[in-house]
Amino acid sequence: MIDYDKVLSNKIKNIKPSGIRKFFDIAGTMKDVISLGVGEPDFSTPWVIRKAAIQVLERKHIVYGPNKGLEPLRNAISQRILKKHGVEYAPASEIIVTVGGSEAIDLALRGILDPGDEVLVVEPCFVCYAPLVELAGGKAVPVPTRIENNFKLTVEDFRDKVTERTKLLILPFPNNPTGAVMTREDLAPIADFLRDTNIMVLSDEIYSELTYGRKHVSIIELDDMRERTIYVNGFSKAYAMTGWRLGYVTAPEPIISQIAKIHQYGIMCSPYISQNAAVEALESCDDEIAKMVDEYNIRRKFLVSEFNRLGLTCFDPEGAFYVFPCIKSTGLTSEEFCERLLYEEKVAAVPGSAFGDSGEGYMRISYAYSLKHLMEAMKRIEKFLKKLEAEKHEN
């Protein structure tokens with residue numbers, strides 16, 4: 001009889017499953033649950049994008065594409081970044097189209113990390129960063145941000161964490177789960193600090209199109225930062241294309257040529273149909289994005305107002321589509337709060353602790369759901385909070 005404990009990788013055994021998926025999977029087994037856990041737009045992919053995919057299907061010629069991605073798409077990505085940020089990337093040598101933004105992050109980490117290299121991971125943050133660092137042989141070094149500073153990163157937050165093994169800073173803004181946004185003034189001191197080091201930046205800007213009241217600024221726009229930044233973006237969030245599985249990574253040629261080898265052997269190429277449709281997305285869908293942002297903004301204002309009314313202090317997010325209310329006043333841990341909320345009132349949220357230790361005492365609610373669903377969810381949450389208050393008085 002085979003002993004699987006001796007067969008399985010110890011590295012993988014020590015990695016925790018996604019805290020987001022845990023509650024999503026439980027909710028999937030229950031009836032009448034309002035699931036606000038997964039960051040998936042409730043909008044349909046814009047028709048012009050779907051139409052472009054249909055046209056590809058009708059041609060009946062669906063093939064493997066170039067390893068780095070279709071040339072028209074890489075050209076469109078280059079033009080998009082130039083238009084948005086005033087920074088130019090060579091389509092042939094500095095851009096790779098990937099299977100979602102997550103593959104882009106994985107490629108970037110595996111392309112530059114050696115065993116023992118340290119990566120500064122800004123928290124709270126998306127659940128994949130630290131595990132992917134570990135899979136690449138690196139060491140994730142948490143860098144907590146604080147509500148007192150609007151969950152923004154400052155040099156003081158990470159200065160003392162830099163060592164001779166520090167190779168990379170992951171910069172996840174607009175932020176999931178907090179919705180925090182970094183301005184040019186916020187980014188400037190970080191760029192000043194990094195210029196005198198050999199530390200790279202991985203800037204995950206998947207939510208760059210989803211901001212409220214301010215224009216997104218990328219660190220690649222700052223002097224000398226293009227040469228030390230790996231820029232990651234994709235189509236899932238802004239274009240409501242989660243199931244199309246398409247992202248991209250841009251970086252200086254020496255880095256792209258390195259990670260291209262991993263992509264060649266591990267994935268080979270991104271989906272042909274999705275790539276053709278994504279060209280249309282980049283060229284024709286700015287108005288569609290604006291409409292979605294307007295709707296998200298209505299939902300954002302509603303949730304922030306409601307959580308504050310209920311006494312759960314809620315940071316006012318400036319980007320992405322999440323709110324991150326503080327639940328410390330209830331006396332429950334994030335895990336306890338979300339588990340009871342799910343089982344007792346059938347509302348699925350994600351514990352803040354899923355996004356790093358600094359997320360403890362918070363929960364993440366996605367507003368990539370209809371206002372009708374959000375209103376019903378808030379009624380159930382209010383009922384749950386009243387139940388908790390009654391329990392306190394009984395004790």
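Reader: What covers the buried residues of α14?
Author: This is a predicted model, so let's read it as one. In α14, the buried residues include Leu 374, Ala 377, Ile 381, Phe 384 and Leu 388. The cover over them includes two helices, α12 (286–309) and α13 (334–345). It also includes the strands β1 (34–35), β10 (347–348) and β12 (363–366).

Reader: How far apart are the end C-alpha atoms of helix α14?
Author: Helix α14 runs over residues 371–394, which makes 24 residues. At 1.5 Å a residue, that should give a span of 34 Å. The model agrees with this, because the end C-alpha atoms are apart by 35 Å.

Reader: Which helix holds the ring that pairs with Phe 384 of α14, and is that pair stacked or edge-to-face?
Author: The partner is Phe 337 in helix α13, 47 residues away from Phe 384 in the chain. A pair of aromatic rings is described by the distance of the centres and the angle of the planes. Here the centres are 5.2 Å apart and the planes stand at 80°. Planes over 60 degrees apart count that way, so the pair between α13 and α14 is edge-to-face.

Reader: Are Phe 337 and Phe 384 buried or exposed?
Author: The cut-off for buried is under 20% relative accessible area. Phe 337 has a value of 0%, and Phe 384 also comes out at 0%. Therefore Phe 337 is buried, and Phe 384 is likewise buried.

Reader: How many residues does the largest nonpolar core have?
Author: Phe 337 turns up here again, among the residues with the most contacts inside that core. Leu 73, Phe 235, Tyr 239, Phe 307 and Met 363 are listed with it. A second, separate core has 31 residues, including Phe 173 and Val 350. The largest one has 70 residues.

Reader: What does Tyr 239 touch, leaving aside residues up to four places away in sequence?
Author: Tyr 239 is one of the residues with the most contacts inside the largest core. Its neighbours come from several places along the sequence, among them Thr 45, Pro 46 and Arg 80. The rest of what Tyr 239 touches is Ile 49, Ala 281, Leu 282, Cys 285, Ile 289 and Met 292.

Reader: How many residues apart are the rings of Tyr 296 and Tyr 367?
Author: A search of the whole structure finds 18 aromatic pairs. One of them joins Tyr 296 and Tyr 367 edge-to-face, at 6.4 Å centre to centre and 70° between the planes. Tyr 296 sits in helix α12 and Tyr 367 in the loop between β12 and α14, so to speak distant parts of the chain linked by one pair. Along the sequence they are 71 residues apart.

Reader: Which residue has its backbone nitrogen 2.8 Å from a polar atom of the side chain of Ser 334?
Author: Ser 334 is found in helix α13. At 0% relative accessibility, Ser 334 counts as buried. Among the residues Ser 334 touches are Ile 327, Pro 351, Glu 360 and Tyr 362. The backbone nitrogen in question belongs to Gly 361.

Reader: Is Glu 134 buried, partly exposed or exposed?
Author: Glu 134 lies in helix α7 (residues 129–135). Leaving aside residues up to four places away in sequence, Glu 134 touches Lys 11 and Ile 15. Buried needs under 20% and exposed needs over 50%. With 35% relative accessibility, Glu 134 is therefore partly exposed.

Terms used: Residues are numbered from 1 along each chain as its sequence is written. Side-chain values use heavy atoms; hydrogens and water are left out. A nonpolar core is a set of buried Ala, Val, Leu, Ile, Met, Phe, Trp, Tyr and Cys residues joined through side-chain atoms within 4.5 Å. Buried means under 20% relative accessible area, exposed over 50%, partly exposed in between (1.4 Å probe, protein chains only). Contact means heavy atoms within 4.5 Å. Helices (H or I, at least four residues) and strands (E, at least two) are DSSP runs, numbered from the N terminus. The expected span of a helix is 1.5 Å times one less than its number of residues. Rings of Phe, Tyr and Trp (its six-membered ring) pair if their centres lie within 6.5 Å; planes under 30 degrees apart count as stacked, over 60 as edge-to-face and the rest as tilted. A polar contact is a pair of N or O atoms within 3.5 Å; within protein, one must be able to donate a hydrogen and the other to accept it, and residues adjacent in sequence count only if both atoms are side-chain atoms.
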